[in-house]
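Trainee: I should like a close look at a single part of this protein chain, set in the context of the whole. Please take me through it step by step.

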Amino acid sequence: MQEKDINQNEQEEVIEDAEQELVSDEETATATQPDVSEDDIQALQAEKDDLQNRLLRVQAEYDNFRKRTKKEKEADLKYKSQSVVTELLPVLDNFERALQVEIDDKAAKGVVEGLKMVYRQLKTVLENEGVSEIETDGQYFNPNLHQAVMQVEEEGFESNEIVETMQKGYQLKDRVIRPAMVKVNQ
């Protein structure tokens with residue numbers, strides 16, 4: 001029992017010493033604390049506000065950057081086939097010219113039928129990619145879709161109406177790849 005009393009007394013002394021150290025540390029801390037003026041507080045507050053505003057601007061710029069790159073990627077995907085389609089348009093024109101030739105020979109007619117099949121297949125592939133022909137028959141001249149190569153005066157057509165298509169125009173989805181070359185009535 002005596003041992004327990006001695007241990008308890010020692011523990012109490014250690015606790016009292018620790019409490020006194022804490023009290024003296026607090027007194028020392030308050031005694032050594034520098035005087036902070038109102039100007040210092042306002043300067044720190046202004047600096048904090050400035051840093052917070054800069055952080056908000058950087059976050060907004062980053063969000064705008066993400067949105068812009070997302071739109072650019074979507075546009076790239078939407079028009080990814082534009083370069084290939086642009087190069088295929090002269091091939092399509094040549095197919096159409098080849099199919100306009102009149103042939104009497106039976107063997108040559110078989111070749112023409114094969115060309116027609118390839119032509120239809122090529123047109124189907126282009127349509128599946130979003131390529132469409134720009135309408136010109138019975139339409140009025142639209143500088144966004146048509147390129148006027150000639151102006152003529154013909155009866156039976158209104159002013160600014162397309163008289164003849166010189167070369168077909170094409171668009172990929174909503175973007176004009178090649179405007180239609182047309183004759184326009186004055």
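Mentor: A residue is called buried when its relative accessible area is under 20%, exposed when it is over 50%, and partly exposed in between. The model is a predicted one. With a relative accessible area of 36%, E154 is therefore partly exposed. This residue, and the strands and loops around it, will be the part examined here.

E154 belongs to the loop between β2 and β3. Leaving out residues up to four places away in sequence, E154 touches V163 and N185. The second of these partners, N185, is 31 residues from E154 along the chain, yet 6.4 Å separates the C-alpha atoms of the two.

The loop between β2, which covers residues 146–152, and β3 also holds N160. N160 is not a glycine, but its phi is positive, at about 70°. Its relative accessible area is 37%, so N160 counts as partly exposed.

V163, the other partner of E154, is also a contact of K183. K183 sits in strand β6, which runs over residues 180–185. Is K183 buried or exposed? Its relative accessibility is 16%, and K183 therefore counts as buried. Apart from neighbours within four places in sequence, the residues in contact with K183 are M150, V152, E161, I162, V163, E164 and M166.

A further loop, between β4 (170–172) and β5 (175–178), contains K173. K173 has a positive phi near 55°, and K173 too is a residue other than glycine. Because its relative accessible area is 37%, K173 is classed as partly exposed.

M166, one of the contacts of K183, leads to the largest pocket. This pocket holds about 300 Å³ of space. Its lining has 14 residues, and those closest to the pocket centre are E96, T165, M166, Q167 and K168. Helix α3 (82–99) and strand β3 (162–167) are the elements that each give two or more residues to this lining. By character, the lining comprises seven charged, five polar and two nonpolar residues.

Helix α3 connects this account with helix α4, since the buried residues of α4 pack against α3 and β1 (131–133). The buried residues in α4 are V112, Y119, L122 and L126. Helix α4 covers residues 106–128, and its 23 residues should span 33 Å at 1.5 Å a residue; the end C-alpha atoms are 33 Å apart, so the two values agree. After α4 comes G130, which has a positive phi near 100°.

The whole chain gives the setting for these details. Its secondary structure consists of four helices and six strands, in the order α-α-α-α-β-β-β-β-β-β along the sequence. The chain has 186 residues, of which 17% are buried. Among contacts with a separation of 6 or more, 62% are between residues 24 or more positions apart. The accessible surface amounts to about 14800 Å², and carbon and sulfur atoms account for 50% of that area.

To return to the part examined: E154 is a partly exposed residue in the loop between β2 and β3, and its contacts include N185.

Conventions. Residues are numbered from 1 along each chain as its sequence is written. This is a predicted model: local features need pLDDT of at least 70, side-chain atom pairs count only at pLDDT 80 or more; totals for chains, interfaces and linings use all residues. Side-chain values use heavy atoms; hydrogens and water are left out. On a 1 Å grid over the protein atoms alone, a cavity is a set of points where a 1.4 Å probe fits but cannot get out, and a pocket is an open set with protein on both sides within 12 Å along at least five of seven lines; lining residues have an atom within 4 Å of a point. Grid points are joined across faces, edges and corners, and a volume is the space filled by probe spheres set on the points. Ala, Val, Leu, Ile, Met, Phe, Trp, Tyr, Cys and Pro count as nonpolar, Asp, Glu, Lys and Arg as charged, and the others, Gly among them, as polar. Buried means under 20% relative accessible area, exposed over 50%, partly exposed in between (1.4 Å probe, protein chains only). Contact means heavy atoms within 4.5 Å. Accessible areas come from the Shrake-Rupley method with a 1.4 Å probe; for residues, only the protein chains shown count as cover. The expected span of a helix is 1.5 Å times one less than its number of residues.
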